[in-house]
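Colleague: I am new to this structure and would like a close look at one part of it. Please pick out the helix packing, and then tell me what else deserves attention along the chain.

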Amino acid sequence: MKKLLTLMLALCIALTMCSGALASRGTYTSGGVEFELTDEGYPVMAEPITVSVVTFATTPEGAGAWETPNDIVFFKNMKEKTNIDFTWEVLSSSAWSERVQLLIAGDTLPDVFLKSRFSATQLAKYGADGSLYNMLPNFETYAPDFYAYMTEHDLLKYIVTNEGVYGMPYIYDSEGIRLNKLYINTEWLKNVGKEMPTSFDELHDVMVAFRDNDANGNGDATDEIPAGFQDMSDMLATFSNAYGLMNRGAAMGQSYYLDADPADESGNTLRFWYADDAMKDVLRMAKQYYDEGLIPSTFFDADYNGSQWSQFIGENRYGMHDAWTSAAGDQVDNFIAMDRAPSDTWNYCYGYVGTKGGLVITKECQYPEAMMAWGNYMYTMQGAYDYFLGVEGETYTIDEDGHTQLTDWVLHNPDGLSSEQALLRYSIYSGGANPGLCTDDTFKGGETYWTSLEGNKKFDPYLVSPIWEVFPLSEEGSEIVNNTRADISAVINEYCAGFVAGRKDIDADWDDYKTRLEQAGLEDYVWAFQEAYNSVNGLN
């Protein structure tokens with residue numbers, strides 16, 4: 001069968017070569033320049049054009065580091081294919097907001113933003129004021145692969161704001177990227193004589209055993225931290241599974257604290273689950289872990305952050321952690337996902353649509369149709385391979401089962417580069433917010449490492465359904481959420497941290513907590529998202 005497929009592929013290549021040109025889906029004009037949209041999914045301009053780009057990119061290091069993305073293999077190859085060249089302004093994540101605000105305020109926009117840090121609200125705002133190009137009417141013509149994917153998965157409605165689409169999003173067609181799992185240090189399990197837990201009760205017993213014994217085997221029985229969570233939101237989202245909360249997944253549930261109210265059998269009424277009485281049980285569970293020393297004693301300190309989470313894993317001090325990917329470094333193969341979700345349902349899963357500003361075309365772009373076609377290529381499988389993984393045979397191979405494997409040059413780079421640094425010679429994918437189709441085979445980060453893929457199989461049978469995407473807000477709804485979200489989050493942080501750390505009483509102070517949420521604008525906040533939900537689902 002494999003030989004037959006190889007012969008068929010060779011025949012297709014031969015026919016293409018004989019024709020003297022790439023097969024075309026159509027010939028179009030953009031900014032007065034003719035281009036062909038090839039069957040492969042990218043444009044070929046009849047004459048060279050140059051497009052200005054502002055992008056976020058991870059700073060390269062070591063041998064072969066680039067000074068401009070034009071030095072990167074992906075952009076070299078794309079220039080050769082398409083006749084499109086770029087001039088670049090590359091920003092760090094920390095510099096993004098200030099610089100972009102200056103560009104917008106000064107009306108000195110580039111032609112394109114790539115890997116933008118625009119929020120959905122900002123895309124809607126700048127789209128409405130005419131700063132950004134509305135791609136929605138032209139997807140089917142100039143971005144047919146993107147349009148076909150979004151239509152097939154019924155996702156287009158989640159990126160429409162103010163009757164337009166102002167960015168091509170990062171698409172997570174990978175459960176490894178979407179699904180958060182619980183990983184247990186199996187070496188620690190052996191050292192304390194415990195089996196893999198299968199429920200929250202058993203998980204608690206294992207954590208106690210980790211705490212009370214020299215689980216990491218270094219001769220110090222006091223340096224173990226049984227359970228690792230990156231922050232309070234992460235911990236409460238995990239424990240919410242035990243009490244039926246966050247029942248429509250994490251995109252709306254963790255980021256905006258909303259799920260479906262079980263009192264409405266239709267499932268069409270939104271609930272602010274952080275204020276539901278069942279949340280008190282979640283907080284009691286978290287408080288038990290905190291009081292018993294199962295999470296770091298510094299968890300609620302001002303200087304606690306995700307870097308400490310990584311540090312403790314690197315020091316072999318964590319017995320369990322939750323994440324999309326198992327712990328990196330020397331411990332990567334020791335952390336194995338639980339054999340099943342610890343509750344009958346599992347909610348910690350995001351939707352397909354990630355950041356929505358992967359490719360943003362501005363009003364200044366003379367060639368918007370051509371740039372849509374350029375972006376379209378990243379939503380084909382070959383385009384995704386090219387963008388995320390580089391060149392077959394150099395940075396990746398495809399095995400007999402059709403699965404992608406990174407080459408030894410990437411995994412064990414002779415210049416001492418990490419895998420990410422090596423791939424930075426081929427792509428600027430690192431750091432996220434990419435325009436493109438991210439799958440288990442086209443993306444080879446920790447989320448698609450074998451421990452994560454095996455974990456997906458274990459947790460998938462327990463996933464809640466449906467998993468909500470983020471609902472795009474109306475202009476009025478955006479204004480309401482912008483005016484209330486920070487205040488609501490501040491109340492949550494003050495009270496929930498206080499409840500877990502013992503500074504506030506879960507029962508005695510619960511009504512005060514709900515009152516403060518209402519004062520922060522909770523009713524309007526929920527209304528804004530309810531309106532968005534109704535609009536997406538045709539209920540208005």
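Modeller: What follows starts with one pair of helices and then moves to other spots in the chain. Bear in mind that this is a predicted model.

Take helix α19, residues 475–501, and helix α20, residues 510–519. Their axes come within 9 Å of each other. They cross at roughly 170 degrees. An angle over 145 degrees counts as roughly antiparallel, so α19 and α20 are roughly antiparallel to each other.

Now look at the side of α19 that takes part. Ile488, Val491, Ile492, Glu494, Tyr495, Cys496 and Phe499 belong to α19 in this contact. From α20 come Trp510, Asp512, Tyr513, Arg516 and Leu517. Sorted by type, the residues of this contact give 9 nonpolar, no polar and 3 charged.

One of the α19 residues is worth a second look. Cys496 has 0% relative accessibility, so Cys496 counts as buried. Cys365 is also a buried cysteine, because its relative accessibility is 8% and the limit is under 20%. What about cysteine pairs? A disulfide is a covalent bond between the sulfur atoms of two cysteines. The count of disulfides in this model comes to 0.

Just ahead of α19 in the chain there is a loop. That loop runs between α18 (450–459) and α19, and Pro466 sits in it. The peptide bond from Ser465 to Pro466 is cis, with omega near 0 degrees. Most peptide bonds are trans, and most residues other than glycine have a negative phi.

Two residues are notable for phi. Asn83 is not a glycine, yet its phi is positive, about 70 degrees. Asn83 belongs to the loop between α2 (73–82) and β5 (84–91). With 28% relative accessibility, Asn83 is partly exposed. Tyr257 has a positive phi too, near 65 degrees. Its place is the loop between α11 (250–256) and β10 (258–260). Tyr257 is buried, at a relative accessible area of 10%.

For a second helix pair, turn to α9, residues 200–212, and α12, residues 279–291. Here the axes are 11 Å apart, and the packing angle is about 15 degrees. Angles under 35 degrees count as roughly parallel, so α9 and α12 are roughly parallel to each other. The crossing of α9 past α12 is right-handed. On the α9 side, the contact holds Phe200, Leu203, His204 and Met207. On the α12 side, it holds Met285, Gln288 and Tyr289. By type, these residues split into 5 nonpolar, 2 polar and no charged.

Two buried residues round off the tour. Ala370 is part of helix α14, residues 368–376. Its relative accessibility is 0%, so Ala370 counts as buried. Setting aside neighbours within four places in sequence, Ala370 is in contact with Ser30, Phe35, Pro43 and Met45. The C-alpha atoms of Ala370 and Glu36 are separated by 9.2 Å, although these residues are 334 residues apart along the chain.

Val165 lies in a loop, the one between α6 (144–152) and β7 (170–173). Val165 is buried, with a relative accessible area of 0%. Residues up to four places away in sequence are not counted here: Val165 touches Tyr133, Asn134, Met135, Leu136, Phe139, Ile159 and Val160. Val165 and Asp261 are 96 residues apart along the chain, and their C-alpha atoms are separated by 30 Å.

Definitions and conventions. Residues are numbered from 1 along each chain as its sequence is written. This is a predicted model: local features need pLDDT of at least 70, side-chain atom pairs count only at pLDDT 80 or more; totals for chains, interfaces and linings use all residues. Side-chain values use heavy atoms; hydrogens and water are left out. Axes are lines fitted to C-alpha atoms, for helices over the stretch in contact, and angles run from 0 to 180 degrees between N-to-C directions. Helices (H or I, at least four residues) and strands (E, at least two) are DSSP runs, numbered from the N terminus. Angles under 35 degrees count as roughly parallel, over 145 as roughly antiparallel, 65 to 115 as roughly perpendicular and the rest as oblique. A crossing is left-handed if the near helix is turned anticlockwise from the far one by less than a right angle, and right-handed if clockwise. Contact means heavy atoms within 4.5 Å. Ala, Val, Leu, Ile, Met, Phe, Trp, Tyr, Cys and Pro count as nonpolar, Asp, Glu, Lys and Arg as charged, and the others, Gly among them, as polar. A disulfide is a pair of cysteine sulfur atoms within 2.5 Å. Buried means under 20% relative accessible area, exposed over 50%, partly exposed in between (1.4 Å probe, protein chains only).
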